[in-house]
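This report describes selected features of a single chain. The subjects are a loop, the overall layout, aromatic ring pairs and a packed pair of helices.

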Amino acid sequence: MQHYFLINPAAGKGNLYRHLDGEIRTYCDQKEIDYEIYYTKGVGDAEDYIRRACEKNGGELRFFACGGDGTLNEAANGVAGFNHASVGVIPTGTGNDFVRNFTHARVAVALCAKERCSCVKNKLP
C-alpha cells in the first residue's frame with residue numbers, strides 16, 4: 001500500500017507542519033512504510049494531486065489530509081470514484097470541526113483501517 005501525506009503548510013498557525021514532516025518520515029522509515037509527502041500549493045491543489053495519483057497508480061492508496069477541514073474536504077473529493085483509494089486525517093487546522101465532531105479529538109490522528117500513525121497522537125490542544 002502506498003501512503004501519501006498531503007501537508008497544507010497554511011493550515012492552523014503554520015507551525016505544526018515543520019514538526020509533522022519529520023515525525024512522518026521517522027515513523028514511516030522505521031516501519032518501512034511506502035510513503036510520499038506532498039506540500040499543497042493552494043486551493044484545489046490537494047484534490048488535483050490525489051486525482052492524478054489515483055489515475056496513475058492502480059494499487060491500494062491511502063491519502064492523509066494533514067491540514068484543516070478544507071484539506072480534508074479536498075482529499076475526500078479527490079478520492080471520490082476511486083475504489084482503490086482511502087482518506088485519513090491528521091488535523092493541523094485551527095478549527096478541525098470534522099475531527100472535533102466525528103472523532104475523539106484528543107486521540108484523533110488518522111481515520112484509517114490498518115496503519116496507525118501514532119507519531120502525532122495527543123498533539124492536539
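Glu32 lies in the loop between α1 and β2. In this predicted model, Glu32 has a phi near 55 degrees, a positive value in a residue other than glycine. Glu32 is exposed, as its relative accessible area is 73%, and the threshold for that class is over 50%.

The loop between α1 (16-30) and β2 also holds Asp34. With a relative accessible area of 46%, Asp34 is partly exposed, because that value falls between the limits of 20% for buried and 50% for exposed. When neighbours within four places in sequence are set aside, the contacts of Asp34 are Met1, Gln2 and His3. Asp34 and Gln2 are 32 residues apart along the chain, yet their C-alpha atoms are separated by 5.3 Å.

Another aspartate, Asp21, belongs to helix α1. Asp21 is buried, with a relative accessible area of 12%. Apart from neighbours within four places in sequence, Asp21 is in contact with Ile7, Ile37 and Tyr39.

**Overall layout**

The chain contains four helices and four strands, and from the N terminus on these elements follow the order β-α-β-α-β-α-β-α. Of the 125 residues in the chain, 46% are buried. Among contacts with a separation of 6 or more, 67% are made by residues 24 or more positions apart.

**Aromatic pairs**

A pair of aromatic rings is described by the distance of the centres and the angle of the planes. With centres required to lie within 6.5 Å, the count comes to four aromatic pairs. One of them joins Phe5 and Phe64: the ring centres are 4.7 Å apart and the planes are at 10 degrees, so this pair is stacked. The pair of Phe5 and Phe64 links distant parts of the chain, since Phe5 is in strand β1 (residues 2-7) and Phe64 is in strand β3 (residues 61-67), 59 residues apart. Both rings belong to buried residues: Phe5 has a relative accessible area of 1%, and Phe64 has a relative accessible area of 0%.

The rings of Tyr38 and Tyr49 are also stacked, because their centres are 3.9 Å apart and their planes are at 10 degrees. This pair likewise links distant parts of the chain: Tyr38 is in strand β2 (residues 35-39), Tyr49 is in helix α2 (residues 45-56), and 11 residues separate them in numbering. Tyr38 is buried, with a relative accessible area of 14%, and Tyr49 counts as buried at 13% relative accessibility. Ring pairs extend further here, linking Tyr4, Tyr38, Tyr49 and Phe63 into a cluster.

The accessibilities of the four residues in the two stacked pairs described above are set out below.

| Residue | Relative accessible area | Class |
|---|---|---|
| Phe5 | 1% | buried |
| Phe64 | 0% | buried |
| Tyr38 | 14% | buried |
| Tyr49 | 13% | buried |

Phe5, in strand β1, is also placed against a residue from a later part of the sequence. The C-alpha atoms of Phe5 and Glu36 are separated by 6.2 Å, although these residues are 31 residues apart along the chain.

**Packing of α2 and α3**

Two packed helices are described by the angle between their axes and the distance between the axes. How are α2 and α3 oriented relative to each other? Their axes come within 8 Å and cross at roughly 30 degrees, where helix α3 comprises residues 69-79. Angles under 35 degrees count as roughly parallel, and α2 and α3 are therefore roughly parallel to each other. The crossing of α2 and α3 is right-handed.

Which residues form the contact between α2 and α3? From α2 come Asp45, Ala46, Glu47, Ile50 and Arg51, and these meet Glu74, Ala75, Asn77, Gly78 and Val79 in α3. By type, the residues of this contact divide into four nonpolar, two polar and four charged. Helix α2 thus takes part in two of the features described: Tyr49 in α2 pairs with Tyr38 in β2, and residues of α2 including Ile50 meet α3.

Conventions. Residues numbered from 1 in each chain as written. Predicted model: local features only at pLDDT ≥ 70, side-chain atom pairs only at ≥ 80, totals over all residues. Heavy atoms only, no water. Phe/Tyr/Trp six-rings, centres within 6.5 Å; stacked < 30°, edge-to-face > 60°. Buried < 20%, exposed > 50% of the residue type's maximum accessible area, 1.4 Å probe, protein only. Axes fitted to C-alpha atoms, helices over the stretch in contact; angles between N-to-C directions. Parallel < 35°, antiparallel > 145°, perpendicular 65-115°, else oblique. Left-handed = near helix turned anticlockwise from the far one by under 90°. Contact = heavy atoms within 4.5 Å. Nonpolar A, V, L, I, M, F, W, Y, C, P; charged D, E, K, R; others polar.
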